[in-house]
Amino acid sequence: MPGAAVEIAGLNKRYGEFVAVDDVSLSIEPGEFVTLLGLSGSGKTTTLMAVAGLTEPDSGTISIDGRDILSLPPEKRGLGVVFQNYALFPHLDVFDNIAFPLRMRKWAEADISKAVERVLKVVSLEQFSDRRISALSGGQQQRVALARALVFEPPVLLMDEPLGALDRSLRDQLQTEIKRIQREFGVTVIYVTHDQEEALALSDRIAVMANGKICQLGSPDEIYERPNTGFVAGFVGDSNRITVSLGATEDRFRRVSARTAPELELLALDRTDGALEQAVLMVRPEAIEMSGERPDTDVNLLQARIELREFLGASIRFTLDTPLGPIHVRKGRSGPAAAFKPGNDIWISWSPTEGALFPPAS
Amino acid sequence: MTGRLSSAVLTAFAAAVCVFLVLPTLAVAPISFTETNFITFPPRGFTLHWYREFFERPEWIGSLGTSAVVAVLTAALSTTLGTMIALGLGQLPRRTGRAVTFFFIMPMVVPTIITAAALYTPFARAGLVASIPGLVLAHTVLALPFVIINVSAILQKLDRRVVDAARSLGATPTTAFVRVTLPILAPGITAGAVFAFITSFDEVVVALFIAGADATTLPVQMWSGIRFEISPIVAAASCLLLIVSCVVLTLFWLVQRR
């Protein structure tokens, strides 16, 4: 079955005084992979569980392909759900776990065998059909959970931190696999995670959530390159944050000066609402250029001394001592900057479009 | 070398403890074969006379029947009730749950004689004394904690999301309970049932109060047997009781191991 469209509108959920979900609306295209990204308590899991029917929202509507599902119990919604820690049935073996939704649908045993074998192949677990769940590794359990949620070919797959319990290398591998399987089934995915790298790698669109609200909705590129608030900029990817006083506006840019170095004038994109005196300047570590000679520019140019050089494999992270305070720069292993060593005096600069100003508390 | 020595000492000590615990129990076996008319140790001769007596005298074979019926009914009632209680306790907030659990565990901590004395008056008034229902109810009070503890232990380790998972996969609440919750709890329920059975089967204090001429259990019959007859029948009965307990425990162990 191809993926279905999901429409969430005006969703609210409170637990006593705590507002878990605050007026969340989200339209998801058929076959789209949308991630709800946020810290714990941001409302992402509550939103997901409301779609699954396992949490009852206080108000709002949820519809799938135009059909209101809010009044349906979870077993009637027909959505695939992959839970955190998998929630596999410990008393059943791999085959019976995956066959469970088909037995609930009263399929004939022959059809069940065929469907389970097919999905076992998709998740590369053909040999594990009669294993007990406790005899599987974390990654294998994750695959069983995925197979169980997909075997009845639901139009929508809901995933709650499915890779949270796994180590880094396994997560990378399974990420790729989830993406491949999603394409193969054409299923619409709503994916919940607190891991921004995971969100960036997997999603067609990301909804960054905080305090029960969606702060920004956009493609991974948009979220990373044009965060709309300081929170999003700080949460997705690394960034240098410098508190600055605001000066004159020039086109889309604004002149600013750091509190720690008032004499130094910097230029950055203005994302504040205007009326402020102070803002936070954010610059991505990889956007900053380093050079031994004074470069041919005066914009956002300053002198720095290298304090620390950390080799991270594909890249090198420098910690610099600058008039603005400590600044992080990340450079490719093979670039010219790789030769710089702690103690070197250098020049750094960045394009005004790479620096963005945000209200301080956002 | 000291390692091997100390491990030898430890083995010897453990063996000594086992002998100390088991030997008195095993001593009833030879006594039950004695040819004398009174309990004597060491036994003299060898006869199965006392076993035949046991199965031929109605007060003995009858009490075994009563015990079996009471124990089975107690196991059934306390397993059902105890499982329901454990499931209910699991829904409570942690702190309240713990307090209420303690309340249900009380009969295990309170000296049995107090429970017996407390039960006697209301049971007498309700006409439950000297009846099988009375014995079953009284024994259920004693057996409930074992079921609650065994089922709660599994419930605590259970990931509650499995029920949500079952629902999302198409199971109604009832189906999810029957197909997922119950099978997961099964080992705890079986363990509880076995403990409940044994608790009732060899219980004597409460039974002394509640049992009467119409409903005498085997332990009560043995108690009067040893007071009034000192007959080796008591030893034969002990052996039978021991065998029943061993068989039940072995069956249980075999089931759990699967």
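In strand 9 of chain A, A:R205 is the bridge partner of A:V34. The model is predicted, and this pair is a convenient place to enter it. Strand 9 covers residues 205-210 of chain A and is joined by 5 bridges to strand 3 of chain A, the two running parallel.

Strand 3 also pairs with strand 8 of chain A, residues 188-193, again in the parallel sense and over 5 bridges. Within strand 8, A:Y191 is the residue that stands opposite A:T35. Strands of a sheet pair through backbone hydrogen bonds, in either a parallel or an antiparallel sense.

How many residues of strand 3 of chain A are buried? Strand 3 spans residues 33-38, and 6 of the 6 are buried, so the strand is largely enclosed by the rest of the structure. The cover extends to both faces of the strand. On one side the buried residues are A:F33, A:T35 and A:L37; on the other they are A:V34, A:L36 and A:G38. A:T35, which faces A:Y191 in strand 8, and A:V34, which is bridged to A:R205 in strand 9, therefore belong to a strand whose 6 residues are buried.

Another part of chain A is built with antiparallel pairing. Here 5 strands form an open sheet, in the order 15-19-16-17-18. Its edges are strand 15, residues 289-291, and strand 18, residues 325-332, each of which pairs on one side only. From one strand to the next, the twist averages 45°. At the strand 15 edge, 3 bridges link strand 15 of chain A to strand 19, residues 345-349 of chain A, and these two strands run antiparallel. Across this pairing, A:M290 is placed opposite A:I348 of strand 19.

Chain B supplies a surface feature. A nonpolar patch of about 880 Å² is made there by B:F38, B:I39, B:I113, B:I114, B:Y120, B:L208, B:F209, B:W223, B:I226 and B:I230. Two or more residues of the patch come from each of helix 5 (112-125), helix 9 (205-210) and helix 10 (218-228) of chain B. Helix 5 of chain B gives the most, with 3 residues.

One member of the patch, B:I39, lies in the loop between helix 1 (2-31) and helix 2 (49-56) of chain B. Is B:I39 buried, partly exposed or exposed? Its relative accessible area is 31%, so B:I39 is partly exposed. Patch residues need over 30% relative accessible area, and B:I39 has 31%.

Conventions: Residues are numbered from 1 along each chain as its sequence is written. Chains are lettered from A and ligands numbered from 1 in the order in which they are written. This is a predicted model: local features need pLDDT of at least 70, side-chain atom pairs count only at pLDDT 80 or more; totals for chains, interfaces and linings use all residues. Side-chain values use heavy atoms; hydrogens and water are left out. Two strands pair if DSSP finds at least two bridges between them. Helices (H or I, at least four residues) and strands (E, at least two) are DSSP runs, numbered from the N terminus. Axes are lines fitted to C-alpha atoms, for helices over the stretch in contact, and angles run from 0 to 180 degrees between N-to-C directions. Patches are made of residues with over 30% relative accessible area and no salt bridge: like charges are joined within 9 Å, nonpolar side chains (Val, Leu, Ile, Met, Phe, Trp, Tyr) within 5 Å. Accessible areas come from the Shrake-Rupley method with a 1.4 Å probe; for residues, only the protein chains shown count as cover. A salt bridge is a side-chain nitrogen of Lys or Arg within 4 Å of a carboxyl oxygen of Asp or Glu. Buried means under 20% relative accessible area, exposed over 50%, partly exposed in between (1.4 Å probe, protein chains only).
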